[in-house]
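Work through the exercises below with the sequence and the model side by side. Try each task before reading its solution.

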Amino acid sequence: IAVVEELAKGLPIYAGYAHARYERALRSALGLGALSGLGFFIAEKGLLIVRLSDLERLPIGDAAVSGATPPAGVPLWLVALVFLLAPLALHTVTAAISSVGASRGRWSYGAAIAVAVVVHFVYNFTVVSSLA
């Protein structure tokens with residue numbers, strides 16, 4: 001999951017740099033990473049909205065969120081807050097990492113994507129281990 005998500009956030013930015021669409025400055029790279037992370041976060045939270053609004057009772061909603069229930073004894077509002085703020089930070093930071101790498105060239109982008117994937121994997125592993 002971490003590999004797919006990081007490529008989804010980073011490849012469009014890399015393509016922009018490869019085709020000279022963006023300025024190769026740190027500020028620009030960080031801004032592009034933040035926007036990419038925010039966009040991914042908004043799309044991901046669309047799924048959370050489906051879950052919180054009980055749309056899973058409809059066939060299409062059920063297919064989208066099957067198995068997505070909070071652990072026993074954990075209030076839904078707390079889960080919503082954690083799943084709102086922590087992923088925003090994750091996606092923004094990891095997209096910024098890959099964006100800075102993309103601004104410096106192909107090899108730097110590859111290394112930065114690898115770092116972003118490791119950060120994302122550690123985050124996912126920590127969340128799953130904590131909630132299991």
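Three exercises with solutions follow.

The model is predicted, with local features requiring pLDDT of at least 70, side-chain atom pairs pLDDT 80 or more, and totals for chains, interfaces and linings using all residues. Residues are numbered from 1 along each chain as its sequence is written, and side-chain values use heavy atoms, without hydrogens and water.

**Exercise 1.** Find which element gives the most residues to the largest nonpolar core.

Step 1. A nonpolar core joins buried Ala, Val, Leu, Ile, Met, Phe, Trp, Tyr and Cys residues through side-chain atoms within 4.5 Å; buried means under 20% relative accessible area, exposed over 50%, partly exposed in between (1.4 Å probe, protein chains only).
Step 2. The largest core has eleven residues, including Ile-13, Tyr-14, Tyr-17, Ala-102 and Tyr-109.
Step 3. Two or more residues each come from α1 (2-18), α2 (26-52), α4 (76-103) and α5 (106-131); helices are DSSP runs (H or I, at least four residues), numbered from the N terminus.
Step 4. The element is α1, with four residues.

**Exercise 2.** Determine whether Ser-103 is buried or exposed, and list its contacts beyond four places in sequence.

Step 1. Ser-103 sits in helix α4.
Step 2. Its relative accessible area is 9%, so Ser-103 is buried.
Step 3. Beyond neighbours within four places, Ser-103 is in contact (heavy atoms within 4.5 Å) with Tyr-17, Arg-24 and Ala-29.
Step 4. A polar atom of the Ser-103 side chain lies 2.7 Å from the backbone oxygen of Val-100.

**Exercise 3.** Classify Trp-77 as buried or exposed.

Step 1. Trp-77 is also a residue of helix α4.
Step 2. Its relative accessibility is 61%, so Trp-77 counts as exposed.

Definitions and conventions: Polar contact = N/O pair within 3.5 Å; in protein donor to acceptor, adjacent residues only side chain to side chain.
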